[in-house]
Amino acid sequence: NKDMKIVEKLYREQTLSDNELKTLIETKNIEATQLLKKYADETRQKYYGKKVFIRGLIEISSYCKNDCLYCGIRRSNNKAERYRLTRDEILTCCKNGYNLGFRTFVMQSGEDGFLTDRFLCSIIREIREKYPDCAITLSFGERSYESYKCLKEAGADRYLLRHEAADPNLYEKLHPKKMSLENRKKCLFNLKELGYQVGAGFMVGAPYQTTEHLINDLRFLQYLQPHMIGIGPFIPHHNTEFANNKSGTVELTLRLLNIIRLMFPKILLPATTALGTVTPNGRELGLQNGCNVVMPNLSPVKVRKKYDLYDNKICTGEEAAECRGCLNRRVKYAGYKIVSERGDYAF
Ligand code: 5AD
Ligand code: FES
């Protein structure tokens, strides 16, 4: 059938026309859907086998000067509980993580003015010195070229900055006026120029998002050529403008993961916490649909509920003091295997 032909073409040529992408994103054809998933998994296995890379996520601050309309830690949410980890707390997370087999640490935070280059560089230098066999990934939002340069020179390897929405009209609907898509894109190109391995990405099923917007996101990613692509379903947060909007669906998220795997065969593609939040086996499904990375939480349990981007976020309770063991079982059950490696891009 016609939709299966489109899948075959995507597998062969790693790209499609806008019309074909639209058909594929929207198809309800079961055979085409199954074939797409099969090719996505084959491609993932061609480059990464059954390997799953893990990244230890350390959420170092929930202060944020931005006001993204969808996000639970936006500045105007005065009910959000704010915290900042100390230098020692961050280093303790790394130590625990290293002992659990993590060889990548991801430090993430809201856009917190307290996180100066001086403070961050000195922590990065210390992690770099203590754990020379680990990759250091940063996710601190938009900063200046000089700041990114300084963090890179201190020893950071990678940077995650989702572009969020490549279409200017959608970007505007999801962000306050003073945030600019232009600057966000500029940041991503600056990071690439500085030699970071770069991750971009977007939410699936965000308010106002159409198939055309998603196609625009894929085109932007083809232009940027990142090393990682982070996507997960939008999930409403009760203290935001979008409290009453619907979450993105598992089906559409998996569909986009499949397409991304085929368009970017070697990409590092996480099965996200948001996907694991919209359905209990979401991350396992992600792994079976092209993903090859999971990013369990290494933050101290006492702050986990405060890094509250969306409602019902998993791995925030006492039971999650040890995500490593839980994920090991889950990944194994899904048919894959967690490895204790840095997990760099397959250049
Ligand atoms: N639902 C899903 N993902 C969200 N993010 C922020 N708020 C939400 C939400 N309500 C995502 C953004 C951001 C990443 C850290 O979390 O895409 O880049
Ligand atoms: Fe965190 Fe299961 S992975 S509790």
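**Ligand 1 and Phe264 in a predicted model**

An oxygen atom of ligand 1 lies 2.9 Å from an N or O atom in the side chain of Arg162. The structure is a predicted model, and this contact is a suitable place to begin reading it. The side chain of Glu164 also takes part: one of its N or O atoms is 2.5 Å from an oxygen atom of ligand 1. With Ile235 the partner is the backbone, since a polar backbone atom of this residue stands 2.7 Å from a nitrogen atom of the ligand. On its own, ligand 1 has 400 Å² of accessible area, and the protein covers 87% of it.

The surroundings of the ligand may now be considered as a whole. Besides Arg162, Glu164 and Ile235, the residues around ligand 1 include Tyr70, Cys71, Gln108 and Met203. Pro233 and Phe234 also belong to this shell, as do Leu309 and Tyr310. By class, the shell divides into 8 nonpolar residues, 1 polar residue and 2 charged residues.

A second site of interest is Phe264, which is found in the loop between α10 (residues 250-263) and α11 (residues 273-278). Is Phe264 buried or exposed? Its relative accessible area is 5%, and Phe264 is therefore buried, as this value falls under the 20% limit. Leaving aside residues up to four places away in sequence, Phe264 touches Leu218, Leu221, Gln222, Gln225 and Ile229. Leu170, by contrast, is 94 residues from Phe264 along the chain, and the C-alpha atoms of the two residues are separated by 24 Å.

Key. Residues are numbered from 1 along each chain as its sequence is written. Chains are lettered from A and ligands numbered from 1 in the order in which they are written. This is a predicted model: local features need pLDDT of at least 70, side-chain atom pairs count only at pLDDT 80 or more; totals for chains, interfaces and linings use all residues. Side-chain values use heavy atoms; hydrogens and water are left out. Helices (H or I, at least four residues) and strands (E, at least two) are DSSP runs, numbered from the N terminus. Buried means under 20% relative accessible area, exposed over 50%, partly exposed in between (1.4 Å probe, protein chains only). Contact means heavy atoms within 4.5 Å. A residue is near a molecule or strand if one of its heavy atoms lies within 4 Å of it. A polar contact is a pair of N or O atoms within 3.5 Å; within protein, one must be able to donate a hydrogen and the other to accept it, and residues adjacent in sequence count only if both atoms are side-chain atoms. Accessible areas come from the Shrake-Rupley method with a 1.4 Å probe; for residues, only the protein chains shown count as cover. Ala, Val, Leu, Ile, Met, Phe, Trp, Tyr, Cys and Pro count as nonpolar, Asp, Glu, Lys and Arg as charged, and the others, Gly among them, as polar.
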